[in-house]
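Biologist: Before I use any label from this model, I would like to see the criterion behind it. Please show the structure and take my questions in turn.

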Amino acid sequence: MTNLKPIALILCTLFIATNANLIEETCMQTPNHGLCVQYLQADPHSSDSDVTGLALIMVNVIKTKANNALVKIHQLLQGSPEPGQKEALNSCGDRYNAILVADVPQAIASLQKGDPKFAVDGANDAAIEANSCENSFSGKSPLTNDNNSMHGVAAVTAAIVKLLL
Ligand SMILES: *[C@@H]1O[C@H](CO)[C@@H](O)[C@H](O)[C@H]1NC(C)=O
């Protein structure tokens, strides 16, 4: 029995190495290789995921980004913003909330059903929502970083999902 241990270890190492290649190969086909590898490696599930699993990890990153943006929006609203700013922040709240209640669940359901085309739509829409938030400010937006970051993650997600189509 003890003789099996080294074999198990070798198989395990091979498996991890194989998946490092899968992440590498997958991210190479996205518009932002560095961002893609960074987010996928940060999730421990990526070491034993297939491409669908990698896409699900990225959808989860979209979810986290939307949640972070919402926390920031609530904090800004609590800081008694000017009326115009307040209106824009409320609109952004709706936008980022739509990502959480519509785009993310749609993308997850679509990937889990093995019918990924709606996941592409979900990812693309997340970027559109973030963009609309930006546009609701007449001047400088306090959420520009969130927009840029959502765009980056959504583009990588859509590219990974397209590999499944
Ligand atoms: C949101 O971010 C994207 C990507 O960085 C950028 O192309 C777009 O112009 C931004 N939208 C606004 C309104 O700033």
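What follows is a set of questions about labels, each answered with a value and a definition.

Modeller: This is a predicted model, where local features need pLDDT of at least 70 and side-chain atom pairs count only at pLDDT 80 or more, while totals for chains, interfaces and linings use all residues. Residues are numbered from 1 along each chain as its sequence is written, and side-chain values use heavy atoms, with hydrogens and water left out.

Biologist: What makes the elements of the protein chain helices, and how many are there?

Modeller: Helices are DSSP runs of H or I with at least four residues, strands are runs of E with at least two, and both are numbered from the N terminus. The protein chain has six helices and zero strands, so the order from the N terminus is α-α-α-α-α-α.

Biologist: Why is the contact between D146 and K72 called a salt bridge?

Modeller: The term requires a side-chain nitrogen of Lys or Arg within 4 Å of a carboxyl oxygen of Asp or Glu. The closest N and O atoms of D146 and K72 are 2.8 Å apart, so the pair qualifies. This pair links distant parts of the chain, with D146 in α6 (residues 144-162) and K72 in α3 (residues 51-78), 74 residues apart.

Biologist: How do you know whether D146 and K72 are buried or exposed?

Modeller: Buried means under 20% relative accessible area, exposed over 50%, and partly exposed in between, with a 1.4 Å probe and protein chains only. D146 has 15%, so D146 is buried. K72 has 27%, so K72 is partly exposed.

Biologist: Which other pairs count as salt bridges?

Modeller: R95 and E129 form one, at 3.3 Å from N to O. R95 lies in α4 (residues 83-112) and E129 in α5 (residues 117-135), 34 residues apart. E129 is buried because its relative accessible area is 11%, whereas R95 is partly exposed at 32%. D115 and K117 also form a salt bridge, with N to O at 3.3 Å. D115 has 30% relative accessible area and K117 has 45%, so both are partly exposed. The count comes to three salt bridges.

Biologist: What makes the enclosed space a cavity, and which residues line the largest cavity?

Modeller: On a 1 Å grid over the protein atoms alone, a cavity is a set of points where a 1.4 Å probe fits but cannot get out, and lining residues have an atom within 4 Å of a point. Grid points are joined across faces, edges and corners, and the volume is the space filled by probe spheres set on the points. The structure holds one cavity of 30 Å³ or more, and the largest has about 30 Å³ of space. Its lining consists of V59, I62, D103, V104, A107, G122, A123 and A126. The elements giving two or more residues to this lining are α3, α4 and α5.

Biologist: How do you know that the span of α6 is close to the expected value?

Modeller: The expected span is 1.5 Å times one less than the number of residues. α6 has 19 residues and reaches 27 Å from its first C-alpha to its last, close to the 27 Å expected. Its buried residues include M150, V153, V156 and I160.

Biologist: How much of the protein chain is buried?

Modeller: Buried residues make up 40% of the 165 residues.

Conventions
1 Å grid on protein atoms, 1.4 Å probe; cavity = no way out; pocket = protein on both sides within 12 Å on 5 of 7 lines; lining within 4 Å.
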